[in-house]
Amino acid sequence: MAAAARLRAGGVVAFPTDTVTGLGCLANSADAVRAIFALKGRDQGRPLTLFVADAAAAEVVTGPLVPRVRALLRLAWPGSLTAVLPLAGAGPGGPWPEGVGREGTVGVRVPAHPVPRRLVELVGGPLATTSANISGEAPWPDAAEAVARWGEAVLAVPGPSGSVPSTVVDLTVWPPRVLRDGAVGADTLAAWIDAAG
């Protein structure tokens, strides 16, 4: 897949997701992460989200999770819940470039859409992602818009996305705290929290 090759080479790719159209790069590529911030005009204080293959892959990023958090994620993933979790190795000398995580935490998600899941599989590690748009504008409905706006700086996997962003929940506290309302409804989230204990 050309998109995976672009990612492995340190490039930026736009792709459809189950929520809004995504823009991503290899999470450990400082240059590519900087390129995403520059393309979007994004504030450096707003970190990127990591897409991972599954909950086990999340723990490579976060370190071991407590059982109730693990139980909730088993219910929520793959899907449109972004979980704010501890970031292993955060801080000076850590493996993650600036722009991935903040204050020892990071947003993590296992998307339900086959395209980003396949990209994560092909590159063998997490993708640092955000919505495909200019910061402050609405997300674009199709990844092809990224090429129209940014030209060869981005490779696009065409295809429609959902229209509702993910729900962002802080799982470093219990009960979890909703940081952004989105595609996961309050009743569904409450049921997951209940079931997780």
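D170 is buried here, with a relative accessible area of 7%, and yet D170 takes part in a salt bridge with R177, at 3.3 Å from N to O. R177 itself counts as partly exposed, at 47% relative accessibility. Keep in mind that this is a predicted model. Below is a quick tour of the salt bridges, the nonpolar cores, helix α2 and strand β1.

**Salt bridges**

- Searching the whole structure turns up seven salt bridges, and the D170 and R177 pair is one where the side chains meet.
- Salt bridges with shared partners tie E137, E145 and R149 together in one network.
- Within that network, R149 and E137 meet through their side chains, with 3.4 Å from N to O.
- That pair links distant parts of the chain: R149 sits in helix α6 (residues 144-150), while E137 is in the loop between β6 (127-131) and α6, 12 residues apart.
- R149 is partly exposed at 42% relative accessibility, and E137 is partly exposed too, with 36%.
- R34 pairs with D31, and their closest N and O atoms are 2.3 Å apart.
- This one is local to helix α2 (residues 30-40): R34 and D31 both lie in the helix, three residues apart, about one turn.
- As for the solvent, R34 is partly exposed with a relative accessible area of 48%, whereas D31 is exposed, at 54%.

**Nonpolar cores**

- The largest nonpolar core holds 44 residues, and L72, L73, W77, L81 and L85 have the most contacts inside it.
- Helix α4 (residues 67-76) supplies the largest share of this core, five residues.
- Setting aside neighbours within four places in sequence, L72 touches L81, L171, W174, P176, W192, I193 and A196.
- Apart from that core lies another one, of 13 residues, with A4, F51, V115 and L119 among them.

**Helix α2: a buried side and an exposed one**

- The buried residues of α2 are A32, V33, I36, F37 and K40.
- Why do they end up on the same side of α2? They cover an arc of only 145° around the axis, so they share one side of the helix.
- The general background is simple: an α-helix has 3.6 residues a turn, so residues three or four places apart point the same way.
- Over on the other side of α2, D31 and A38 are exposed, and D31 is also the salt-bridge partner of R34.
- The cover over the buried residues of α2 includes β1 (12-15), β2 (22-26), β6 and α6.
- Just after the helix, G41 takes a positive phi of about 70°.

**Strand β1: covered on both faces**

- V12 and A14 on one side of β1, and V13 and F15 on the other, are all buried, so both faces are covered.
- In a regular strand, side chains alternate between the two faces of the sheet.
- β1 pairs with strand β7 (residues 154-156) in the parallel sense, over three bridges, and V13 stands opposite L155 there.
- β1 also pairs with β2, this time in the antiparallel sense and over three bridges.
- The bridge partner of V13 in β2 is G24.
- β1 and β2 make up a hairpin, with six residues between them.
- Put together, V13 has a partner in β7, L155, and one in β2, G24.

Definitions and conventions
Residues are numbered from 1 along each chain as its sequence is written. This is a predicted model: local features need pLDDT of at least 70, side-chain atom pairs count only at pLDDT 80 or more; totals for chains, interfaces and linings use all residues. Side-chain values use heavy atoms; hydrogens and water are left out. A salt bridge is a side-chain nitrogen of Lys or Arg within 4 Å of a carboxyl oxygen of Asp or Glu. Helices (H or I, at least four residues) and strands (E, at least two) are DSSP runs, numbered from the N terminus. Buried means under 20% relative accessible area, exposed over 50%, partly exposed in between (1.4 Å probe, protein chains only). A nonpolar core is a set of buried Ala, Val, Leu, Ile, Met, Phe, Trp, Tyr and Cys residues joined through side-chain atoms within 4.5 Å. Contact means heavy atoms within 4.5 Å. The arc is that of the directions from the helix axis to the C-beta atoms. Two strands pair if DSSP finds at least two bridges between them.
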